[in-house]
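Got the viewer open and a selection box ready? Load the model below, and let's walk through it one pick at a time.

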Amino acid sequence: VMALFGEQALITDSTFHGNVAGSGGRGGAVFLGNASLDISFHIENSTFSGNLAGAVGPQGTGHGGALAAFGPGDCVHCTFADNEARLLTEGGAIFVLHAAPILQNNVFTGNKGSYGGALATDSMWSPIVGNRFEGNSTLSEGGAVSLLSTSSAFLNNTVVRNSAPMD
């Protein structure tokens, strides 16, 4: 699923499994716009599992194994399990760039990325509230979450058994 150019995306009660965004790809299952192109989204009660951003080979890069969000919106009551962003990538499950999505009451388990096993942000300014991050891993930093140039409130989240060799 891809939404660009002033669109509004509504995703509810959906399942995304085994989707791939190839080398340099963003959002293995869903790519939501560009912060400069006025897009908004609402994702609720959906499951993202086994999705991949980045090529299958060793040279593949990508961002957001399940979801890449470059606009305002919210993602609530969703499950992100076993998604992956490969090699020099950010956000095993979700990557956010220059945007303000609200991430609330989601569950992140078994996701993998180079930075931010479950979630990676670059210039995000919205709350991350009431989520569970468990068993996510990274090759570098942020076993659960990597927040770069971000001023988000990280409130009432549960962070359990995530791993990163550089944390």
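What follows is a short tour of aromatic rings, salt bridges, a surface patch and a loop. Bear in mind as you click that this is a predicted model.

**Stop 1: the ring stack**

Start with F80 and F108, and show their side chains. The two rings are stacked, with 5.0 Å from centre to centre and 10° between their planes. They come from distant parts of the chain: F80 sits in strand 13 (residues 79-81) and F108 in strand 17 (residues 107-109), 28 residues apart. Both F80 and F108 are buried, so hide any surface you have on display before you look.

Keep F108 selected and add F133. Here is another stacked pair, this one at 4.8 Å centre to centre with 5° between the planes. Again the pair links distant parts of the chain, since F133 belongs to strand 21 (residues 132-134), 25 residues from F108 in strand 17. How buried are these two? F108 has a relative accessibility of 1%, and F133 comes in at 0%; both values fall under the 20% cut-off, so both residues count as buried.

Now widen the selection to F16, F48, F80, F108, F133 and F154. Ring pairs link these six names into a cluster. Across the structure, the count of aromatic pairs comes to 7.

**Stop 2: the salt bridges**

Next, switch to charged side chains. How many salt bridges does the structure hold? There are 3.

Pick E134 first. Its side chain meets that of R132 in a salt bridge, 2.9 Å from N to O. E134 also meets R161, this time at 2.4 Å from N to O. That second bridge is worth tracing along the backbone: R161 lies in the segment after strand 25 (158-160) while E134 is in strand 21, so the pair ties together parts that are 27 residues apart in sequence. Through shared partners, R132, E134 and R161 join into one network.

Colour this trio by accessibility and you'll get three separate classes to look at. E134 is buried, at 18% relative accessible area. R132 is partly exposed at 33%, and R161 is exposed at 63%.

Then jump to R86 and E84. Their closest N and O atoms are 3.2 Å apart, forming a salt bridge. R86 is partly exposed, with a relative accessible area of 23%, and E84 is partly exposed too, at 26%.

**Stop 3: a nonpolar patch**

Turn the surface back on and select L147, F154 and V159. Together they make a nonpolar surface patch of about 250 Å². You've already met F154, as a member of the ring cluster. L147 is found in strand 23 (residues 145-148), and its relative accessible area of 40% makes L147 partly exposed.

**Stop 4: a glycine in a loop**

Last pick: G22. Look for it in the loop between strand 4 (20-21) and strand 5 (25-26). Is G22 buried, partly exposed or exposed? It is partly exposed, with a relative accessible area of 38%. To finish, draw a distance from the C-alpha atom of G22 to that of L52: the separation is 8.1 Å, for residues that are 30 apart along the chain.

Methods:
Residues are numbered from 1 along each chain as its sequence is written. This is a predicted model: local features need pLDDT of at least 70, side-chain atom pairs count only at pLDDT 80 or more; totals for chains, interfaces and linings use all residues. Side-chain values use heavy atoms; hydrogens and water are left out. Helices (H or I, at least four residues) and strands (E, at least two) are DSSP runs, numbered from the N terminus. Buried means under 20% relative accessible area, exposed over 50%, partly exposed in between (1.4 Å probe, protein chains only). Patches are made of residues with over 30% relative accessible area and no salt bridge: like charges are joined within 9 Å, nonpolar side chains (Val, Leu, Ile, Met, Phe, Trp, Tyr) within 5 Å. Accessible areas come from the Shrake-Rupley method with a 1.4 Å probe; for residues, only the protein chains shown count as cover. A salt bridge is a side-chain nitrogen of Lys or Arg within 4 Å of a carboxyl oxygen of Asp or Glu. Rings of Phe, Tyr and Trp (its six-membered ring) pair if their centres lie within 6.5 Å; planes under 30 degrees apart count as stacked, over 60 as edge-to-face and the rest as tilted.
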